[in-house]
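Dear colleague,

I am handing over the structure we spoke about, and below it you will find some notes on its nonpolar cores and aromatic rings.

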Amino acid sequence: MKKVKALFFIYNADGGLLNELKYWIDKNLLKKQIACELCDISHGTFFVKFEWQKFVKKLEEEYTVEVLHKDEIPQKIKEKNYAFPCVIAETEEDLVELLDSKSFKDLGESKGVEEFSKEFYAKVSKTL
C-alpha cells in the first residue's frame, strides 16, 4: 500500500473572486453549459455545501488536503497535464490520479457529496 502525503481536489474553474463570480453568472444566470462536476458536488447555488466541508474535514484527520482551482495547482501537477476536474493523491513515489474528469462525468446526475464520497473511498481502496 502506498503512503499518501497529500490529496488534491482540483476544480475545472479558475480561482479568485472575479473568476468565481463570472462562473456563477455564466452557470446560474446565463445558463451556459459550463462543466465543473466537482463544483456541482461541492457547492450549492450560493455557498459551499456543509456536507462537502464535513467530508473534507474528515479527510484532513488522515491526510493533507488541498482543494484548488485549476489556476492554483502546483507545478508538479501541471507537468502531468491532467484534465479537470480531478482528484490527485501524492504518494512518496509519485502522483496518482484517483478520479479523472471522465469519472466525474460518469457520476451523472448523482451529484451529491454522499455518492461522491462512496466513489472516492472505493477508488482509494483499489488504487492505493
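Is F116 buried or exposed? F116 is buried, with a relative accessible area of 0%, where buried means under 20% relative accessible area, exposed over 50% and partly exposed in between, with a 1.4 Å probe and protein chains only.

Please bear in mind that this is a predicted model, in which local features need pLDDT of at least 70 and side-chain atom pairs count only at pLDDT 80 or more, while totals for chains, interfaces and linings use all residues. Residues are numbered from 1 along each chain as its sequence is written, and side-chain values use heavy atoms, with hydrogens and water left out.

The largest nonpolar core (buried Ala, Val, Leu, Ile, Met, Phe, Trp, Tyr and Cys residues joined through side-chain atoms within 4.5 Å) has 27 residues, of which L7, F9, W52, F55, F116 and F120 touch the most other members. A second, separate core of 11 residues includes A6, L68, I77 and F84.

As for the aromatic rings, there are 13 pairs, counted for Phe, Tyr and Trp (its six-membered ring) when centres lie within 6.5 Å, with planes under 30 degrees apart called stacked, over 60 edge-to-face and the rest tilted. The rings of F9 and F55 have centres 6.1 Å apart and planes at 80°, so this pair is edge-to-face. F55 also pairs edge-to-face with F116, the centres being 5.8 Å apart and the planes at 80°. F55 itself is buried, at a relative accessible area of 7%, and F9 is buried as well. Finally, F9, W52, F55, F104, F116, F120 and Y121 form one aromatic cluster.

With best wishes
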